[in-house]
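Visitor: Could you take me through one part of this model closely, starting from a single strand and working outward? I'd like to hear how the pieces around it connect.

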Amino acid sequence: MLGGTFDPVHLGHLRSAVELHEALSLDRVHMVPAAMPPLRGEPRISPAERLTLLRLGIGDTPGLLADPRELEREGPSYSADTLASLREQYGREARLVMALGHDAFLRLADWHEPERLFALAHVVVIDRPDHESALPPALRELLAGREVGGVETLMARPAGGLLRLRLPSRMAISATEVRRRLAAGRSVRYLLPEAVEAHILSRGLYRHG
Ligand code: ATP
């Protein structure tokens, strides 16, 4: 699972998803837009629009899936609930991975039921070139004894481990910068898939900052 606001989806998300799929030999990567992200402000566009952009961005990419399950639930979009639903779908033995960028990882101890996340899945942290800082003490406590050194060790069990991954194409792209550029009428070419850019421009999304 690679969850996010995807406001909008960009090539940093999509390239990370493809490389994650390869690096961990995953069957598939569920990209799950949050309907109501609990720890940040209201997204700029609706959940349905963000899902549409995600679908356009993924296109026919093998192994990637736009997963609407958080849009079908009421209330805040807790990842623990999403992982529980994936666990139910794939069964007790399946290896489940929750992947997230380093910036999101830094706040993991503040998430809803952080221990339950590890009971349900492994956590894989993706390096981001523009986000590098030390771990807060509550996070270090949560992670104690969970970190493993490589993919094989991680994937020997269905859940509970932590792996930090440096993917080959680390991209310094953020949705914040994409929104800023769109609001200023500047180019977003090559930051987003062409179909996502075309849809945003034709609907006039993110035009006013
Ligand atoms: P914003 O700038 O609005 O905070 P974002 O670009 O960080 O957005 P999110 O939708 O919040 O995008 O991110 C979803 C997940 O993808 C998070 O775990 C985030 O860390 C990760 N992510 C986002 N951009 C990148 C990137 N360029 N490389 C690797 N991971 C990324």
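Guide: Let's begin with β5, where His122, Val124 and Ile126 point one way while Val123 and Val125 point the other way, and all of these side chains belong to buried residues. That is the pattern you'd look for, as in a regular strand the side chains alternate between the two faces of the sheet. Keep in mind that this is a predicted model. Strand β5 covers residues 122–126, and 5 of the 5 are buried, so the rest of the structure largely encloses it.

Now look to either side of it. β4 pairs with β5 in the parallel sense, over 5 bridges, and within that pairing methionine 98 stands opposite valine 123. β5 also pairs with strand β6 (residues 162–165), again in the parallel sense, this time over 4 bridges. There, valine 125 stands opposite arginine 164.

β4 (97–101) takes us on to the ligand, since β4, α1, α4 (102–105) and α8 each supply at least two residues of the shell around it. The shell counts 18 residues, and the closest are Gly4, Gly12, Gly101, Ala175 and Thr176. By type, the shell splits into 7 nonpolar, 8 polar and 3 charged residues. The biggest contributor is α1, with 3 residues.

Pick out Ala175 from that set. Alanine 175 sits in helix α8, which spans residues 175–183. It counts as buried because it has 22 C-beta neighbours inside 10 Å. Beyond its neighbours within four places in sequence, alanine 175 is in contact with Thr5, Asp7, Pro8 and His10. Two of those partners, Asp7 and Pro8, share something worth a click: the peptide bond between aspartate 7 and proline 8 is cis, with omega at about 0 degrees. Proline 8 itself is in the loop between β1 and α1. For context, most residues other than glycine have a negative phi, and most peptide bonds are trans.

That loop puts us beside another stretch of strands. Strand β1 (residues 2–4) and β2 run parallel, joined by 3 bridges. Gly4, listed among the closest residues to the ligand, has proline 33 of β2 as its bridge partner. Going from β1 through α1 to β2, the chain makes a β-α-β crossover, and this one is right-handed. On the way, in the loop between α1 and β2, you'll pass serine 25. Its phi is near 50 degrees, a positive value in a residue other than glycine. Serine 25 counts as exposed because it has 9 C-beta neighbours inside 10 Å.

β2 is another enclosed strand: 4 of its 5 residues are buried, so the rest of the structure largely surrounds it. β2 also pairs with β3, in the parallel sense and over 3 bridges, and histidine 30 has leucine 65 in β3 as its bridge partner. The chain gets from β2 to β3 through α2, and this β-α-β crossover is right-handed.

Helix α2 (residues 47–58) deserves a stop of its own. Its 12 residues reach 16 Å from first C-alpha to last, close to the 16 Å expected at 1.5 Å a residue. Its buried residues are Pro47, Arg50, Leu51, Leu53, Leu54, Leu56, Gly57 and Ile58. The cover over them includes α1 (11–23), β2 (29–33), β3 (64–66) and α9 (194–203). One of the buried residues, leucine 53, also gives you a ruler back to the ligand shell: leucine 53 and alanine 175 are 122 residues apart in sequence, with 13 Å between their C-alpha atoms. Right after α2 comes glycine 59, with a positive phi near 55 degrees.

Past β3, have a look at arginine 73, in the loop between β3 and α3 (79–90). Arginine 73 is partly exposed because 14 other C-beta atoms lie within 10 Å. Apart from neighbours within four places in sequence, arginine 73 is in contact with Ala35 and Asp81. Its C-alpha is separated by 9.8 Å from that of methionine 36, 37 residues away along the chain.

One last backbone check brings us back towards β5. Glutamate 113, in the loop between α4 and α5 (114–120), has a positive phi of about 50 degrees although it is not a glycine. With 15 C-beta neighbours inside 10 Å, glutamate 113 counts as partly exposed.

Terms used
Residues numbered from 1 in each chain as written. Predicted model: local features only at pLDDT ≥ 70, side-chain atom pairs only at ≥ 80, totals over all residues. Buried ≥ 20, exposed ≤ 12 C-beta atoms within 10 Å, placed from the backbone. Contact = placed C-beta atoms within 7 Å. Expected span 1.5 Å × (residues − 1). Near = placed C-beta within 6 Å. Nonpolar A, V, L, I, M, F, W, Y, C, P; charged D, E, K, R; others polar. Pairing = 2+ DSSP bridges. Right-handed = clockwise from strand over helix to strand, strands pointing away.
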